[in-house]
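Let's take a walk through this model, going from the strands to the helix and then to a few residues that deserve a second look. Keep the viewer open as you read.

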Amino acid sequence: MSDLTCADFYPREPRFELAYHLLSIKRKERVRLKVRLSGEDPSLESIVPVWPSANFFERELFDLFGVRFLGHPYLRRIMMPEDWEGHPLRKDYPVEGYR
(Lines give C-alpha, C1' and ligand atoms only; values in the text may rest on other atoms or scores of the structure.)
Protein backbone atom coordinates (compact mmCIF):
# COMPACT_ATOMS: atom_id res chain seq x y z
CA MET A 1 0.00 0.00 0.00
CA SER A 2 1.62 3.23 -1.11
CA ASP A 3 -1.06 5.84 -0.36
CA LEU A 4 -4.52 6.46 1.06
CA THR A 5 -6.46 9.60 0.21
CA CYS A 6 -9.92 11.02 0.84
CA ALA A 7 -12.24 13.43 -0.98
CA ASP A 8 -15.29 15.17 0.50
CA PHE A 9 -18.17 15.59 -1.96
CA TYR A 10 -20.46 17.49 0.41
CA PRO A 11 -23.51 17.75 0.09
CA ARG A 12 -23.64 14.67 -2.16
CA GLU A 13 -24.25 11.25 -0.63
CA PRO A 14 -22.25 9.12 -0.21
CA ARG A 15 -20.21 12.06 0.98
CA PHE A 16 -16.68 10.66 1.29
CA GLU A 17 -14.60 8.72 -1.19
CA LEU A 18 -11.42 7.00 -0.01
CA ALA A 19 -8.83 5.81 -2.52
CA TYR A 20 -6.32 3.11 -1.61
CA HIS A 21 -3.28 3.12 -3.92
CA LEU A 22 -1.64 -0.29 -4.14
CA LEU A 23 1.66 -1.00 -5.90
CA SER A 24 3.29 -4.29 -6.88
CA ILE A 25 6.98 -3.65 -7.42
CA LYS A 26 7.56 -7.23 -8.58
CA ARG A 27 4.82 -7.10 -11.24
CA LYS A 28 5.20 -3.35 -11.95
CA GLU A 29 1.45 -2.84 -11.60
CA ARG A 30 -0.72 -0.38 -9.74
CA VAL A 31 -4.27 -0.73 -8.45
CA ARG A 32 -6.57 1.95 -7.07
CA LEU A 33 -9.38 0.77 -4.83
CA LYS A 34 -12.12 3.31 -4.08
CA VAL A 35 -14.54 3.13 -1.15
CA ARG A 36 -17.50 5.47 -0.65
CA LEU A 37 -18.75 6.33 2.83
CA SER A 38 -21.87 8.01 4.13
CA GLY A 39 -21.61 11.42 5.75
CA GLU A 40 -23.70 10.21 8.71
CA ASP A 41 -21.21 7.66 10.03
CA PRO A 42 -18.00 7.63 7.98
CA SER A 43 -16.33 4.49 9.27
CA LEU A 44 -14.85 1.26 7.96
CA GLU A 45 -12.48 -1.50 9.07
CA SER A 46 -8.81 -0.64 9.43
CA ILE A 47 -6.39 -2.25 6.98
CA VAL A 48 -3.39 -1.84 9.32
CA PRO A 49 -3.38 -5.61 10.11
CA VAL A 50 -2.92 -6.29 6.37
CA TRP A 51 -0.72 -3.32 5.45
CA PRO A 52 1.02 -1.77 8.48
CA SER A 53 2.05 1.22 6.33
CA ALA A 54 -1.60 2.36 6.46
CA ASN A 55 -1.24 3.33 10.14
CA PHE A 56 -0.34 6.99 9.68
CA PHE A 57 -2.54 7.42 6.59
CA GLU A 58 -5.59 6.27 8.54
CA ARG A 59 -4.71 8.54 11.46
CA GLU A 60 -4.38 11.49 9.06
CA LEU A 61 -7.81 10.85 7.50
CA PHE A 62 -9.34 10.46 10.96
CA ASP A 63 -7.83 13.76 12.06
CA LEU A 64 -8.60 15.87 8.99
CA PHE A 65 -11.84 14.29 7.68
CA GLY A 66 -13.30 12.48 10.68
CA VAL A 67 -13.31 9.04 9.05
CA ARG A 68 -13.14 6.38 11.77
CA PHE A 69 -11.17 3.18 11.19
CA LEU A 70 -12.56 0.36 13.32
CA GLY A 71 -9.90 -1.84 14.88
CA HIS A 72 -7.09 0.66 14.34
CA PRO A 73 -4.37 0.06 16.97
CA TYR A 74 -3.85 3.74 17.92
CA LEU A 75 -6.50 5.98 16.32
CA ARG A 76 -5.96 9.54 17.57
CA ARG A 77 -5.10 12.92 16.10
CA ILE A 78 -1.78 13.17 14.29
CA MET A 79 -1.68 16.72 12.85
CA MET A 80 -4.07 18.86 14.87
CA PRO A 81 -3.88 19.43 18.64
CA GLU A 82 -5.82 16.92 20.77
CA ASP A 83 -8.30 19.60 21.90
CA TRP A 84 -9.07 20.78 18.33
CA GLU A 85 -12.78 20.81 17.48
CA GLY A 86 -13.93 19.46 14.14
CA HIS A 87 -12.14 18.18 11.06
CA PRO A 88 -10.59 20.98 8.96
CA LEU A 89 -10.64 19.32 5.52
CA ARG A 90 -14.39 18.74 5.52
CA LYS A 91 -16.17 21.06 3.11
CA ASP A 92 -18.68 22.15 5.75
CA TYR A 93 -15.90 23.22 8.15
CA PRO A 94 -15.91 27.03 8.68
CA VAL A 95 -13.07 28.81 6.86
CA GLU A 96 -12.04 30.68 10.00
CA GLY A 97 -12.65 27.72 12.31
CA TYR A 98 -15.20 27.44 15.08
CA ARG A 99 -15.43 30.43 17.42
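What follows is an informal tour of a predicted model.

**The sheet**

Start with the open sheet, which has 3 strands in the order E1-E2-E3, paired antiparallel. Its edge strands are E1 (3-8) and E3 (29-37), and each of these pairs on one side only. From one strand to the next, the twist averages 20°. Looking at one pairing in detail, E1 and E2 (residues 16-24) run antiparallel to each other and share 6 bridges. If you want a landmark there, find Thr 5, which sits opposite Ala 19 of E2.

**The helix on top of it**

Helix H1 covers residues 54-65 and lies across E1 and E2, at about 15° to E1. Does its length add up, or is it off? At 1.5 Å a residue, its 12 residues should span 16 Å, and the end C-alpha atoms are indeed 16 Å apart, so the two agree.

How buried is H1? The count is 9 of its 12 residues, so H1 is largely enclosed by the rest of the structure. The buried set is a mixed bag: Ala 54, Asn 55, Glu 58, Arg 59, Leu 61, Phe 62, Asp 63, Leu 64 and Phe 65. Among the elements covering them are E1, E2 and strand E5 (68-70). Just after H1 comes Gly 66, with a positive phi of about 85°.

**Two buried residues**

Pro 42 belongs to the loop between E3 and strand E4 (43-45). Is Pro 42 buried or exposed? Its relative accessibility is 6%, and because the cut-off for buried is under 20%, Pro 42 counts as buried. Leaving aside residues up to four places away in sequence, Pro 42 touches Phe 16, Leu 37, Gly 66, Val 67, Arg 68 and Arg 90. That list includes Gly 66, the residue just after H1. The C-alpha atoms of Pro 42 and Arg 15 are 8.6 Å apart, although 27 residues separate the two along the chain.

Arg 77 is in the segment after E5. With a relative accessible area of 11%, Arg 77 is buried as well. Which backbone oxygen does the side chain of Arg 77 reach? It is that of Trp 84, at 3.2 Å. Beyond four places in sequence, the residues that Arg 77 touches are Arg 59, Phe 62, Asp 63, Glu 82, Trp 84, Glu 85, Gly 86 and His 87. Three of these names, Arg 59, Phe 62 and Asp 63, also appear among the buried residues of H1.

**Backbone oddities in the loops**

Most residues other than glycine have a negative phi, and most peptide bonds are trans. With that in mind, look at the cis bonds in this table.

| Cis peptide bond | Omega | Place of the proline |
|---|---|---|
| Tyr 10 to Pro 11 | near 5° | loop between E1 and E2 |
| Glu 13 to Pro 14 | about -5° | loop between E1 and E2 |

Both Pro 11 and Pro 14 are therefore worth finding in the loop between E1 and E2.

Lys 28 has a positive phi of about 60°, and it is not a glycine. This residue is in the loop between E2 and E3. At 76% relative accessibility, Lys 28 counts as exposed, whereas Pro 42 is buried at 6%.

Terms used:
Residues numbered from 1 in each chain as written. Predicted model: local features only at pLDDT ≥ 70, side-chain atom pairs only at ≥ 80, totals over all residues. Heavy atoms only, no water. Pairing = 2+ DSSP bridges. Helix = DSSP H or I, 4+ residues; strand = E, 2+ residues; numbered from the N terminus. Axes fitted to C-alpha atoms, helices over the stretch in contact; angles between N-to-C directions. Contact = heavy atoms within 4.5 Å. Buried < 20%, exposed > 50% of the residue type's maximum accessible area, 1.4 Å probe, protein only. Expected span 1.5 Å × (residues − 1). Polar contact = N/O pair within 3.5 Å; in protein donor to acceptor, adjacent residues only side chain to side chain.
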